[in-house]
Amino acid sequence: MSITFRKLHPLFAAEVSAIDLRQVHDRDTLKAIRAGMDEHAVLVFRDQKFTIQEQLDFAQRFDGKLHTKTGVSAILKNRLGDAPIGDISNVGADGKILQADDRKRQYSLANRLWHTDASFQDPAGRYSMLSAQVIPEVRSDTQFADMRAAYDALDDDAKASLEGLTVHHSIAYSRQTLGFEFSQEEQDRLKGAVHGIVRTNPRTKRRSLYIASHANRILQKQLAEGRLMLWELMAHATQRQFVYSHEWRVGDFVIWDNLATMHRGTAFDDSKHRRELRRVTTLDLAYEFESLGTAETV
Ligand code: OGA
Ligand code: MN
C-alpha cells in the first residue's frame, strides 16, 4: 500500500496518510514507514484502533524486540498487566484519577523533563509508539525536539569537542532532580547505562545528539565540568526552532525515534482530566523484519 507524508514542522515530524496499521504486514509498506522514520523522526498516524495485543504485534513486526520495563513499570506494577506495554496515564488500578501525592503520579511527573525513552538501559530504546486512548479537552501536548538539527546547528569546534565522549544515563539521577526518592533496592537495580553522546543513523548516516535529563555524567570529564556541558547542550537542543508540539486526538498513534529526538509531556490539570495512552518501545538492536509474519509476544 502506498503511503504519503505531510510535514508538520519545517525540520521534522510528519503525518502519514490514512492507513490501518493492524493490516500492515507486507515488507514494502513496513520499509516505506521505516524510510519515513529515517527522514522525519516522528510519525503521526490517525484513527488507529489497536487493542493492546495488536499494538504489541505491530511494534514487533515493525521494529523487532520490545523493552519490558520502561517508564513507570521500572518500579511499579503495571495497571495494564504483564505485557511489555507502558501505562502512560494519570489513572490508578481502581480506575480513578491519581491523587496528587500518589507515587505513580510523582514518578510520571518526570515525563515533563526532556528525555529519551530507556536511554538508562542497554540496549537503549529505539522507537517508541504511543497510542492515545483518552485525551482531555484541554491541551496536554507531547513535545519533540529534533536532535539531528540540534547537532547540525553546533559549530565545528563544538562538534569536535563531542568526539569520543560517552555519557552515563540514569533514571535515578533524573528522578532525583525532582526530589523523587528511590529505595536502596531500586537504586541498586537501576544502575543506568553508558552511550555515546553522538549517534549516527546506520542508513542515512545523519548524526544526532544523544542526550536527555537522564544524562548524569560524561565519563571522560570531571563531574561538574561534564554536567555543565550536558546542561548547555540540553538548553541548545530544546530551543523553539527544534521543537514540534503534538496536540493529541483520540486514536492518534505516534512513533518517534529516540536516537534522533528528545520529548517531554506538558502540564495540564491532571487532577481533573483523565489522560490515558499506551506505549511500546523497541530495543536498539539490529532488525530488518526477520520475524515478519511470525512475530511472537515477549
Ligand atoms: C512517553 C512520554 C509524554 C506524555 O510516553 O514516553 O514521555 O506527554 N510521554 O505523555
Ligand atoms: Mn518518554
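The radius of gyration is taken over C-alpha atoms, and the globule rule sets it at 2.2 Å times the number of residues to the power 0.38. For the 298 residues here, that rule puts a compact globule near 19 Å. The protein has 18 Å, so the value agrees with a compact globule. The model is predicted.

The C-alpha trace spans about 50 × 45 × 35 Å along its principal axes. The protein contains eight helices and 15 strands. Buried residues account for 54% of the 298 residues. The exposed area is about 13,500 Å². Carbon and sulfur atoms supply 50% of that area. Contacts reach far along the chain. Among those between residues at least 6 apart in sequence, 83% join residues at least 24 apart.

The manganese ion (ligand 2) illustrates such links. Three residues coordinate the ion: His115 through NE2, Asp117 through OD and His263 through NE2. The distances run from 2.1 to 2.2 Å. In sequence, the donor residues follow the spacing H-x1-D-x145-H. His115 sits in the loop between helix 3 (103–108) and strand 5 (125–134). His263 belongs to strand 14 (residues 261–265). The two histidines are 148 residues apart, and the pair links distant parts of the chain. Burial was assessed for both. The cut-off for a buried residue is a relative accessible area under 20%. His115 has 5% and is therefore buried. His263, at 5% relative accessibility, also counts as buried.

Salt bridges provide further connections. The structure holds 24 of them. In one, the side chains of Asp87 and Lys104 meet at 2.6 Å, N to O. Asp87 lies in strand 4 (residues 86–89) and Lys104 in helix 3, so this pair ties together parts that are 17 residues apart in sequence. Asp87 counts as buried, because its relative accessibility is 5%. Lys104 counts as buried at 10%.

Helix 3 takes part in another salt bridge, through Arg105. The side chain of Arg105 meets that of Asp270 at 2.7 Å, N to O. Asp270 is in the loop between strand 14 and strand 15 (276–283). Arg105 and Asp270 are 165 residues apart, and the pair links distant parts of the chain. Arg105 is buried, and Asp270 is buried too. Strand 14, which precedes the loop of Asp270, also carries the manganese donor His263.

The salt bridge between Asp152 and Arg206 has a partly exposed setting. Its closest N and O atoms are 2.8 Å apart. Asp152 lies in helix 4 (residues 147–152). Arg206 occupies the loop between strand 9 (198–200) and strand 10 (207–209). Given these positions, the pair ties together parts that are 54 residues apart in sequence. Partly exposed residues fall between the buried limit, under 20%, and the exposed limit, over 50%. Asp152, at 40% relative accessibility, therefore counts as partly exposed. Arg206, at 31%, counts as partly exposed as well.

Salt bridges also combine into a network. Arg34, Asp63, Arg126, Arg199 and Asp284 are joined into one network by salt bridges that share partners. Of these residues, Arg126 falls within the range of strand 5 (125–134), and Arg199 within that of strand 9 (198–200).

Methods: Residues are numbered from 1 along each chain as its sequence is written. Chains are lettered from A and ligands numbered from 1 in the order in which they are written. This is a predicted model: local features need pLDDT of at least 70, side-chain atom pairs count only at pLDDT 80 or more; totals for chains, interfaces and linings use all residues. Side-chain values use heavy atoms; hydrogens and water are left out. Donors are N, O and S atoms within 2.8 Å of the metal (3.2 Å for Na, K and Ca); water is not among the atoms, so sites may look incomplete. Helices (H or I, at least four residues) and strands (E, at least two) are DSSP runs, numbered from the N terminus. Buried means under 20% relative accessible area, exposed over 50%, partly exposed in between (1.4 Å probe, protein chains only). A salt bridge is a side-chain nitrogen of Lys or Arg within 4 Å of a carboxyl oxygen of Asp or Glu. Contact means heavy atoms within 4.5 Å. Accessible areas come from the Shrake-Rupley method with a 1.4 Å probe; for residues, only the protein chains shown count as cover.
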